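Work through the exercises below with the sequence and the model open. Each task is followed by a solution in steps.

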Amino acid sequence: MALFPSSTVTLKNGQEVLLRHAKIGDAEKLLKAVTNIFSTSPYILSTPESLKTKTVQTQEKWIQDANEDPRNALVIAEHKGHIVGIADFRSFKDTKRFHRASFGMSVHQDFRGLGLGEAVLQKLIEVCRSVEGLTLLELNVMEPNISAHKLYLKTGFKEVGRYPGAYRLADGTYTTDIMMTKHL
C-alpha cells in the first residue's frame, strides 16, 4: 500500500499542519476542500463544470485507489481538522513508462505563500522515492502560474518542453503548458 508516516510542518506564520495519507473517512472533507481550492485556482485543470461530477463516493474511490496501489499516493495537508492542501501522484503501469509518475497538487488560497506547497511537495517526493522502480517524476504547469513554476524549479524540477496555446483560460485567452521533470 502507498501509505506513509505522518509528519507535522510549521508554516512561515507559525501554524502547524499535519501531512498524512488520506483515509476513507476523509472523503467528505476532501470533497469540500477540492471544491474550494479548485474554484479559487485558475491554473488547475478542473473547472466548475467538472466539480459537478465529484461526490463523496468519487472521493472515496480516489482515496481507496491511492491507498491500495503501492505505486500511487494521496497526500493530505490538514490544519485544525480541515484539508488545506492536496497532492497526488500516479505511476504509469506499462513497461515502457514504469519508471515514471505524474502528479498534481493544490493549496487552499489562505495557505498560499506560507511554505505549505513546498512542504507538501517535499513529502510527495519523499513518498515517490520509496516506490520501487520509480525514477522520474513529471508535471505540467500553466505558464501564468509563476509561483508554482518557481516552487518546482526550487525543488529540483527542470523544464523539458513548452506547448504554446495548450490551455484555454476562462477569459478566452490561451496559455502555454510547461512540462517539467525531476529525477528521483
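## Exercise 1: An aromatic cluster

Phenylalanine 103 has a relative accessibility of 10%, so this residue counts as buried. The model is a predicted one.

Task: Classify the ring pair of phenylalanine 103 and tyrosine 152, and find out which residues form one aromatic cluster.

Solution.

1. A pair of aromatic rings is described by the distance of the centres and the angle of the planes.
2. Rings pair if their centres lie within 6.5 Å, and planes over 60 degrees apart count as edge-to-face.
3. The count of aromatic pairs by this rule is three.
4. For phenylalanine 103 and tyrosine 152 the ring centres are 6.0 Å apart and the planes stand at 85°, so the pair is edge-to-face.
5. Phenylalanine 103 belongs to strand S5 (residues 100-107) and tyrosine 152 to helix H5, 49 residues apart, so that the pair links distant parts of the chain.
6. Tyrosine 152 is buried, at a relative accessible area of 8%.
7. Tyrosine 152 also pairs with phenylalanine 157, again edge-to-face, with 5.8 Å from centre to centre and 65° between the planes.
8. Phenylalanine 157 has 1% relative accessibility and counts as buried.
9. The cluster consists of Phe103, Tyr152 and Phe157.

## Exercise 2: Two helix pairs

Task: Decide how H4 lies relative to H5, and how H1 lies relative to H3.

Solution.

1. Helix H4 (residues 116-129) and helix H5 (residues 146-154) have axes that come within 11 Å and cross at roughly 45°.
2. That angle makes H4 oblique to H5.
3. The crossing of H4 past H5 is right-handed.
4. On the H4 side the contact involves Gly117, Glu118 and Leu121, and on the H5 side Leu151, Tyr152 and Lys154.
5. Sorted by class, the contact of H4 with H5 holds three nonpolar, one polar and two charged residues.
6. Turn to helix H1 (residues 27-39) and helix H3 (residues 56-68): their axes are 8 Å apart, and the helices pack at an angle of about 105°.
7. Angles from 65 to 115 degrees count as roughly perpendicular.
8. H1 is therefore roughly perpendicular to H3.
9. H1 contributes Ala27, Glu28, Leu30, Leu31 and Val34 to the contact, while H3 contributes Val56, Gln59, Glu60, Trp62 and Ile63.
10. In the contact of H1 with H3, seven residues are nonpolar, one is polar and two are charged.

## Exercise 3: Three residues in strands

Task: For valine 9, histidine 21 and aspartate 88, state whether each is buried or exposed, and list the contacts beyond four places in sequence.

Solution.

1. A residue is buried under 20% relative accessible area and exposed over 50%.
2. Valine 9 is placed in strand S1 (residues 7-10).
3. With 18% relative accessibility, valine 9 counts as buried.
4. Not counting residues up to four places away, valine 9 touches Gln15, Glu16, Val17, Leu19 and Ala119.
5. From valine 9 to alanine 119 there are 110 residues in sequence, but 7.1 Å in space between the C-alpha atoms.
6. Histidine 21 sits in strand S2 (residues 16-21).
7. Its relative accessibility is 17%, and histidine 21 counts as buried.
8. Apart from neighbours within four places in sequence, histidine 21 contacts Leu3, Phe4, Asp26, Asn67, Leu74 and Ile76.
9. Aspartate 88 is part of strand S4.
10. At 16% relative accessibility, aspartate 88 counts as buried.
11. With neighbours within four places in sequence left aside, aspartate 88 is in contact with Trp62, Ala73, Leu74, Ser102, Phe103, Gly104 and Leu124.
12. Aspartate 88 and leucine 124 are 36 residues apart along the chain, and their C-alpha atoms are separated by 7.4 Å.

## Exercise 4: A backbone angle

Task: Find where lysine 80 lies, state whether lysine 80 is buried or exposed, and comment on its phi.

Solution.

1. Lysine 80 lies in the loop between strand S3 (72-79) and strand S4 (82-91).
2. Lysine 80 has 73% relative accessibility and counts as exposed.
3. Most residues other than glycine have a negative phi.
4. In lysine 80, a residue other than glycine, phi is positive, near 50°.

Technical notes: Residues are numbered from 1 along each chain as its sequence is written. This is a predicted model: local features need pLDDT of at least 70, side-chain atom pairs count only at pLDDT 80 or more; totals for chains, interfaces and linings use all residues. Side-chain values use heavy atoms; hydrogens and water are left out. Axes are lines fitted to C-alpha atoms, for helices over the stretch in contact, and angles run from 0 to 180 degrees between N-to-C directions. Helices (H or I, at least four residues) and strands (E, at least two) are DSSP runs, numbered from the N terminus. Angles under 35 degrees count as roughly parallel, over 145 as roughly antiparallel, 65 to 115 as roughly perpendicular and the rest as oblique. A crossing is left-handed if the near helix is turned anticlockwise from the far one by less than a right angle, and right-handed if clockwise. Contact means heavy atoms within 4.5 Å. Ala, Val, Leu, Ile, Met, Phe, Trp, Tyr, Cys and Pro count as nonpolar, Asp, Glu, Lys and Arg as charged, and the others, Gly among them, as polar. Rings of Phe, Tyr and Trp (its six-membered ring) pair if their centres lie within 6.5 Å; planes under 30 degrees apart count as stacked, over 60 as edge-to-face and the rest as tilted. Buried means under 20% relative accessible area, exposed over 50%, partly exposed in between (1.4 Å probe, protein chains only).
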